[in-house]
Structures are given as structure tokens and as C-alpha cells.
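I opened this notebook to keep track of what I looked up. My plan is to take the contact between chains, then the domains, then the links within a chain.

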Amino acid sequence: MTDATQGPPRGAGALEKREARLAFILLAPTFAIVALVVALPLIMNFWISVKPVMLADLRPAEATINERVRADDTVAPGETFEIVYTLRNTSPNLPVGRAGFTDAIPAGVTLDLTDDRCALADGTLTCAVGRLEPRARERFEIVATATEAIDDPEERYEATEPAAQGRGQNALLTFNFSLENFTRVVNSPEFWSVLWTSIVYAIFGTGGALLLGLFAALLLNNAFKGRAFLRGLFLFPYVAPVIAVAYTWITLLDPNSGTLNAILMQMGAVSEPVNFLGQRTAFTFSVFGFSIDFPMALTTVIVFEAWRYFPLSFLFILARMQSINTDMYEAAEIDGATPFQQFWYLSLPQLAAILAILFLLRYIWTFNKFDDIFLLTGGAAGTRTLTVDVYEQAIGLGNIGAGAAVAVVVFVALLLFSLVFFRFTPKEG
Amino acid sequence: MSTLASSPSSGPGSAVKQRPAPGGFGLASGTTAALIAGPVFGALFMIVFGVTLALFSGEPARPQVGASALAGLAAALVLVFTGAMSAPLRRAVVAGAFFAVLMVLSLGAPFGLALTASPLWQLAGLAVLVGLTMQTLWLCLADTPAGRLRRYDFEVALIRILKGVGYIVFTVFVVLPFYVMVMTSFKSQASLLANPLDFSIDLNSDLVSSYTTLFTEFNFGTYILNSAIVSVGTVFLTLFFAVPGAYTIARLRFRGRDAFANSVLLIYMVPAIVLVLPLYAVFSQLGLRNSIVGLLIVYPATTIPVALYMLQGYFRGLPAEMEEAGLMDGLSRLGVIAKITLPLSLPALASVSLYVFMIAWNEFLFAFMFLDDPSIFTLPRGVASLNSSELPRELMMAGAVIATVPIMVIFLWLERFMVRGLAAGAVKG
């Protein structure tokens, strides 16, 4: 769109055309790399999700050839011996087209070519079988008659390596579609609990980070000595590499040698070590007659999430607080509003928009988070979210199609959230 | 300036003296504030310094939290009921009350240790505990009389207490994991299992043995180099693509500009876990998977959108007149970018570069999925390879320290730019 306020004359003048061409040239590289590394894989992910492919299928199907010579140690002229070739398709579910092999036959024998799949020309044996089904094998037994005395025929004939031929299909490029991945994923007994875990993790992780961020911003809103130092310190959890802090938490929370358990035991707060990251349920409590299992590991990863990402909310909320006009507070002061009233009736409404935006964006990103839970628990003990399930299906179980199907579920959920959220997001004034 | 707590007139002393409190006792009284503040700070400081003492000295301290809470209560009550005394005398009386009650209730062993065990550490811990508790109570309650308070003054006191608790809890919450990370890397697995609370530094042992092992046997020197190459390379590639792109979106007029600018942000929301499987499949076929080049394709593609977004916002804020003057004087557009726009944008370029560097340095998922060959591991991938039950914990923590220190040094050194970058790009992470 041409921007009307900057008002070039309508219609494409030469200058305007030149500018558009320059714009195209400058944007093309960015467009290309983003299309190649983001847009294309996104589409490919949909493609993979409707194909029954395993991780092992990523290598195209190949034919392999094996040669064995069955002969005595020495063969006299006129004696016969057998050369056995085995041509195999190692792929469990893809055929190999135009399969066959060639092998150079050293001098000193005549071959008895009764097998009509094979032919000999210029000392090279060529055999072709056409299509080789998955896991199929073809055997070729070729009888050779020695024309001279041969010492150790095995060594002589196996020394020339046979070469297998054949065009294997790439599992990803077939037009073989099915919804099997999706039915398998959705019908698995764990799917709904995994989805639920993702949502709970995202809501409480985001909410926790936001609350901590709000509290931290309130602490540092007034100028005092050491504020800059504390602000830097509060950003540490986010700036450090996720793998370093995740492993540190594992060390800290370890039931046997962890510092936190040792502190709690020393204080007499717990009588035996708590397995923070390895325990699905720590205890059961009841509310209004419902008994609820307290999800220990899930709570721990949520606390970690809040710890690691509160700095972001903190930065945003602090920036917004610093920009609030102080006249309002002076007026409220004169009218006798107490500090809590000032916070509740003046500050909070001013912060509502930024809090809502932060919650929505961070909710989406927490929902997409993979590293944290993967590193802390690997998805064990009731902490498996959809993103960890993508990895588990694709790499852990080797079913890349099912993994891609879960990734599609993640993506669709993300789209739904975005649609709902951006509809109701307040506009920052 | 202020959203919570201290209004301009409510520094210690002034608010209360201006508005004499009504007589009698009620819920909103100085006594109530003392009843809250005393036990809370007494217990909190005892936990913090008791545990610190245990960690520093290696003694099996058992902090007497209950005794300290009651001592804090006594001190706080003394404080609110001695408003008429002179300040130094009042401080001495408060500290004395705390010390006396603490010693009596804990039977002379406030940290649960015999007096002969590390007496210097105990003495220092006790001095800090008494001093800080007295000072904190003083800051919270010095101008709060025992009797009934106006709601305003009561809330001021309450907020001071809340903030005091906030500073302590937040600092401990943020610092504890990093402290454990560093100290564990200096210890040995055996001594940690024997006493997980003993983080005392034994100068006679080889403190840096874990680090020497990592650099001599685990190639961490190479990992640092690889990480540096990947991160710096990502920064340059990102800027190379994003600067012209951002300038185009900010300044040039062409059809589809707004659509392009918005789609950049949408791409930014696509989660990495959805992209990783297709990229894994394609890069495996192309031989790019297990290579630095592969990472140098993926990382910039994920950082270009955010860099583009941050930079175009900055470019828009620059005065267009200077660029127009440059054009009039015969510079080409590219000349304008190089000679006018970029020199003016150095702060923004620094922020973007640091943010991108941090993302690339900390990136885990792609490095973990793509790299198999230890000679091209990046630091996060290298640290991940230390997570094995056969390797001692302190190696893992030393690896975490090695991965964390460079990014922390850069962060502290260039915090100004880094914070701006975080604030601009921080919706994702």
C-alpha cells in the first residue's frame, strides 16, 4: 500500500517504480531465508504428519548385495563351485525399483548362466530383478567352472566387491497419505492428559511469572541505593542459558545430594527427602469432598518457569509503572487515599493493559516451550506437555509421522489461542 | 514515581508526626504491625543466615527459627512501646531485647551448634542476624507508635514490612540456584553426598579439578570456540539480512509493505518445536544436519524477524530529513543507509546484536537435535552430554558455569543495551 499521508502523486512514476524495485531487492534475501527455514518447514510438517513414516525411513530404501563363494580351498581345472549372491531390500516398508547388481568376475572360470535374470559381458556379471518388495530378498546361485587351477577361490572372487543398484523411494516423497498418525495420537490414552498438562503448565507458569514480575517491579519502583544492582540481579535467571539453570535446579532439588532437601530436613520441615522432580503426586488433599492429588513434579516445573521468566514481565511492568503520571497520586494523596487504595484504584487499572498483553503473549510462548520441561524431567512424572510429546513420539519412539501430527496439534492450538486472544486483547493506550 | 507505599510526605517520621494517631487499640495499630513484623523478620533472617552459616562453615547447623521469631516479636514490641527514647538508646534496647530473648529461648545455641563449633562463623552470623533484624524492624516500625493508627499509616507500615520480606525472599530465590551452581562445581560428588549443606571452600583440595577435566578430557575449549563462532556468525548474518529489510519497511514505499511488516511478526510466533522435525528431515538428506553451517542457517532465520521488527521501529524514529539531504547531495539509497542511518543507529544495533547473541549462545533445541559429532558441539550441547549417571555432578555444574559466565559478563558489562534489547524482543523466549 502506498502511504497516502506521505503523498506521492498517484500512478506509478519512474521514481516510485525504482523505489519499489529497490525495496524488492533489499527484502528478497530476508524473504527467501525466512521462507526456506520457517514457512517451508511449517508446510512440510503438515505433509509429514499425514504420512506413515518412521525416523528410520528418512534414509531412502536401498538394495544391498552379499556375495559368498562356496568352494574348496583349491579348485582344479574342470571342477565346479558355486557363487551365491543375495540381494536384499533392507527397508521395512518401501520397495526398491529396478533393483539388481553388477560384479566383476576375475578370469579363470566360465559361468553357467542358467538364471535368465543375469548376463555376462566383458567379465562383468549383471543381474536385474526389477522391483524388490520391502524386506524381500533374492538369491542367485551361479555355478562356475574353473578353466585353470585356482588357489583359494573365495579370496579371489570375493575380492571384487559386487555393487547393488536400484532406486529406492524416499518415504517422504511418496503420495501415500493416511490419517493414521492423527488417529493414533488422539486415541492414545495419554493424549488428553498431555493436552491438559500443557494448558495447566501454560496458565500457571505464565500467571506465576506475571505475579512475581509485578511484585518485583513494585519493589524496585522507588529509587533507592542499590536499585540498579538488584535490577541486574533479577534479570539473571532469564539471561543464563536454559540448560545451565535447568541442570542447576536438578542438582539443587536432588533427593539424595540436593541442597534444598538438606535444608528442609535440617530445619525439620520434612522428615524425609522430597523428590521434587520425580514424583507425580506428593500427597492428596480434599476440598469440598473432592480429593485432589497434589501434582509435585508439575508444580516444580511451574515454579521453575515462573522463576526463569519473571524477569521479562518485571521489565515490562517496571517500564510501564515508571511512565505513569505522578500527578494522579498526589491528588489521591490529598484526597486521603491509602497506599493500598492507590494501588488498587490507580496503579492496577493503569497496568491492566500491559498485564493482559503480557499474559496473552507469554501464555502462547509458555505453551510452546520445550527446553525447560525436557531438561528438568524429560516429560516424566506427569509433566509431559504437547511439545515434549512431539520429541518423545518422533525421536524417542522413532515415529516421526506421529511426532509431526502432535506438532500440528500444537500449531492448531496456537492458532486458536491467537484468534481468541487477539480478538479480546485490549489496545495499549 | 510511586505506585505503592511511600508518598513524598511519608518518609520515616514525618507522616505520623503530622497526623497524630487517635488513642486506644484497634486492629489497625502499631502493636498489630509489630506482631506481624517481629516474628516474620525474626524467622526469615534466622533461616537465611542460619543456612548461610551452614553452607559457609560446613557445620551441621540447626537454626532455631521458632526462638528467633519470638525474639523478633519481643524486639518489635519493645520498639513500638519505646517511642519516647532517644534513637541510639532505643536501637540498643531493641537489639538487646532480640539478643536476650533469642539466647534464652535457644538455650544459648541460636544456630543449634555447640559454642566451640566454628566460633568465629557463629559470632559473625549472630552479629549480622541481630544487626539486620534490628535495622529492618527500625526501618519498618521506628515511627509507628504502639496505639491505634489511622488506616493510612497502618498501611504504610504494612507495605514497608511486605517490601522488606520481598527484598529478602526475591534475592534468595534468585541467588540460591546460582550459588549452588558455582559451589557445587568446586566440590566432589563424594563430599556432597556426605553433607549436601557443606559448601565451605577447602583451600587444600584442588578446587578447579572439574574445570581442568572439562578442558582436558571433554574438549570444552572447542565447545567455547564453536559457540562463539555460531553466536557471532548469527549476529552478523542477522544484521546483514535485517538492516536492509528493516530500512526498507521503515522508509521505502511499495505495495504490500504493511502486510509484510505484519507477517514478520506472525512468523516470530511460530514455535521451534514445529519446525525442528521437518528441518531435521531435510537437513539429514542434504548433509547439513550435523554441521555448524546448518546451525548458521537456522539461527539467523529465527532471529531475523525480531531483529527486523526492533530495527524498523528505531529507523522510523530517526529524522527523515537527514537522509533526504543525503539523497539530494547525490548519495544512493545504499550510501544513505551506510553513511547516515547506520551511524545514527549504533545504540539500536548494539541492543539487537546483544539480544541475538544471547539467543544464539543459549539455544538448546536445534543444537541438541542436530549435532552428533563432539568436535562441533556448542556449549549447551556439550553441557547436555555431561548429563549422565556415570559422570559426577560437579562436572555438569562446572559445564553450566562455563556456559553461563561469558553471557553474564557480557550482560553486566553492557547491561544498558542488553536491557533495552530484552525489553524490545522479550515477548518471546
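Entry 1: area. Before reading any number I needed a term: buried area is the accessible area, for a 1.4 Å probe, that two parts lose on being put together, summed over both. I also noted that the size of an interface is often given this way, as accessible area lost. The model I am reading is a predicted one.

Entry 2: the two chains. I looked up how much area chain B and chain A bury between them, and found about 10200 Å². Carbon and sulfur atoms give 75% of that area. Next I asked how many residues each chain brings to the contact. Chain A brings 111 residues, and chain B brings 108 residues.

Entry 3: charges and polar pairs across the interface. I looked for salt bridges between chain B and chain A and got three. One of them pairs Arg393(B) with Asp254(A). Their closest N and O atoms are 3.2 Å apart. I then looked up polar contacts across the interface of chain B and chain A, and there are 14 residue pairs, both residues at pLDDT 80 or more. Which helix of chain B gives the most to the side that touches chain A? I found helix H6, residues 151-186, with 21 residues. I sorted that side of chain B by class as well. The tally is 80 nonpolar residues, 16 polar and twelve charged.

Entry 4: domains of chain B. The assignment splits chain B into domain 1, residues 14-194, and domain 2, residues 210-425. I checked the distance between their C-alpha centres and noted 46 Å. The two domains of chain B do touch: nine residues of domain 1 are in contact with eleven residues of domain 2. Together they bury about 740 Å². Of this, 70% is on carbon and sulfur atoms. I wanted to know which residues of domain 1 lose the most area to domain 2 of chain B. They are Met181(B), Ser185(B) and Gln189(B), which make up 63% of what that side buries.

Entry 5: what links those two domains. I counted salt bridges between domain 1 and domain 2 of chain B and got zero. Polar contacts gave two residue pairs, both residues at pLDDT 80 or more. Helix H6(B) turned up again, giving the most to the side of domain 1 that touches domain 2 of chain B, with six residues. By class, that side has four nonpolar residues, four polar and one charged.

Entry 6: domains of chain A. Here the assignment gives domain 1, residues 61-169, and domain 2, residues 181-424. I looked up the separation of their centres, taken over C-alpha atoms, and it is 63 Å.

Entry 7: links inside chain A. How many disulfides does the structure hold over all chains? I found one. The disulfide joins Cys118(A) to Cys127(A), with 2.0 Å from S to S. I also asked whether the link of Cys118(A) and Cys127(A) is right-handed or left-handed. This link is right-handed, with 110° about the S-S bond.

Entry 8: salt bridges overall. I counted 16 over all chains. One case I followed up is Glu82(A) with Arg70(A), whose closest N and O atoms are 3.4 Å apart. Glu82(A) sits in strand E3 (residues 80-89) and Arg70(A) in strand E1 (residues 63-70) of chain A, so the pair ties together parts that are twelve residues apart in sequence.

Key. Residues numbered from 1 in each chain as written. Chains lettered and ligands numbered in written order. Predicted model: local features only at pLDDT ≥ 70, side-chain atom pairs only at ≥ 80, totals over all residues. Heavy atoms only, no water. Contact = heavy atoms within 4.5 Å. Salt bridge = Lys/Arg side-chain N within 4 Å of Asp/Glu carboxyl O. Polar contact = N/O pair within 3.5 Å; in protein donor to acceptor, adjacent residues only side chain to side chain. Helix = DSSP H or I, 4+ residues; strand = E, 2+ residues; numbered from the N terminus. Nonpolar A, V, L, I, M, F, W, Y, C, P; charged D, E, K, R; others polar. Domains from an automatic or database assignment. Disulfide = S-S within 2.5 Å.
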